[in-house]
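Work through the exercises below with the sequence and the model side by side. Try each task before reading its solution.

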Amino acid sequence: MDEEAITIRLTRDQAFVPSDWLYQVMFRSDDLEGIVQDRAVWSPIHAISGTLDKTLSEIFIHDYGPQLEAAKERLRANLYGEADESTAPGDDATGAPAAVPAPNDRSFPS
């Protein structure tokens with residue numbers, strides 16, 4: 001099988017939001033196995049998560065939580081037009097499993 005690398009281009013918001021979701025699923029909830037039963041999928045999930053973590057300076061900002069919420073709102077507005085009013089705070093409009101919110105877990109103290 002050809003092992004040629006695939007490149008995916010994302011905006012910073014498009015990278016920041018799933019980076020947080022992956023962190024929550026993989027390290028905070030310890031439920032990756034419950035969400036992704038096929039362990040073959042774990043390898044690319046870990047590769048994507050690691051690449052995002054190495055690329056994003058946003059994961060170290062002092063106001064991580066507010067910046068994450070702002071990024072989510074921009075993505076919702078971009079996808080649905082104006083801010084998605086059908087999504088309550090903490091809910092996910094995509095129906096993806098919700099991560100347990102943890103304030104500022106990934107940032108370092110300023």
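The exercises go from the overall layout to ring pairs, salt bridges and a surface patch.

This is a predicted model, in which local features need pLDDT of at least 70 and side-chain atom pairs count only at pLDDT 80 or more, while totals for chains, interfaces and linings use all residues. Residues are numbered from 1 along each chain as its sequence is written, and side-chain values use heavy atoms, with hydrogens and water left out.

**Exercise 1. Describe the secondary structure of the chain and the confidence of the model.**

Begin with the elements, where helices (H or I, at least four residues) and strands (E, at least two) are DSSP runs numbered from the N terminus. The chain has 4 helices and 0 strands, in the order α-α-α-α from the N terminus on.

Next, turn to pLDDT, the predictor's confidence in each residue, from 0 to 100. The chain averages 79, and 71% of the residues score at least 70. Helix α4 (residues 64-80) has the highest confidence, with a mean of 96, whereas helix α2 (residues 32-35) has the lowest, at 77.

Finally, look at residues 92-104, where pLDDT stays under 50 and the model has 14 contacts (heavy atoms within 4.5 Å) beyond four places in sequence.

**Exercise 2. Find the aromatic pairs and classify each one.**

The rule is that rings of Phe, Tyr and Trp (its six-membered ring) pair if their centres lie within 6.5 Å, with planes under 30 degrees apart counted as stacked, over 60 as edge-to-face and the rest as tilted. The structure holds 2 such pairs.

In one of them, the ring centres of F16 and Y64 are 5.4 Å apart and the planes stand at 85°, so the pair is edge-to-face. This pair links distant parts of the chain, since F16 is in helix α1 and Y64 in helix α4, 48 residues apart. Burial is judged by relative accessible area, with buried meaning under 20%, exposed over 50% and partly exposed in between (1.4 Å probe, protein chains only). F16 is buried at 2%, and Y64 is likewise buried at 2%.

In the pair of Y23 and F27, the centres are 5.7 Å apart and the planes at 45°, so this pair is tilted. Y23 and F27 are 4 residues apart in helix α1, which means about one helical turn between them.

**Exercise 3. Which parts of the chain do the salt bridges of E58 and D13 tie together?**

A salt bridge is a side-chain nitrogen of Lys or Arg within 4 Å of a carboxyl oxygen of Asp or Glu, and the whole structure has 4 of them.

Start with E58 and R12, whose closest N and O atoms are 2.7 Å apart. Because E58 lies in the loop between α3 (42-55) and α4 while R12 is in helix α1, the pair ties together parts 46 residues apart in sequence. E58 is buried at 16% relative accessibility, whereas R12 is partly exposed at 41%.

Continue with D13 and R74, which meet in a salt bridge at 2.6 Å, N to O. D13 belongs to helix α1 and R74 to helix α4, so this pair ties together parts 61 residues apart in sequence.

**Exercise 4. Is I6 buried or exposed?**

Locate I6 in the segment before α1 (12-28). Its relative accessibility is 73%, so I6 counts as exposed.
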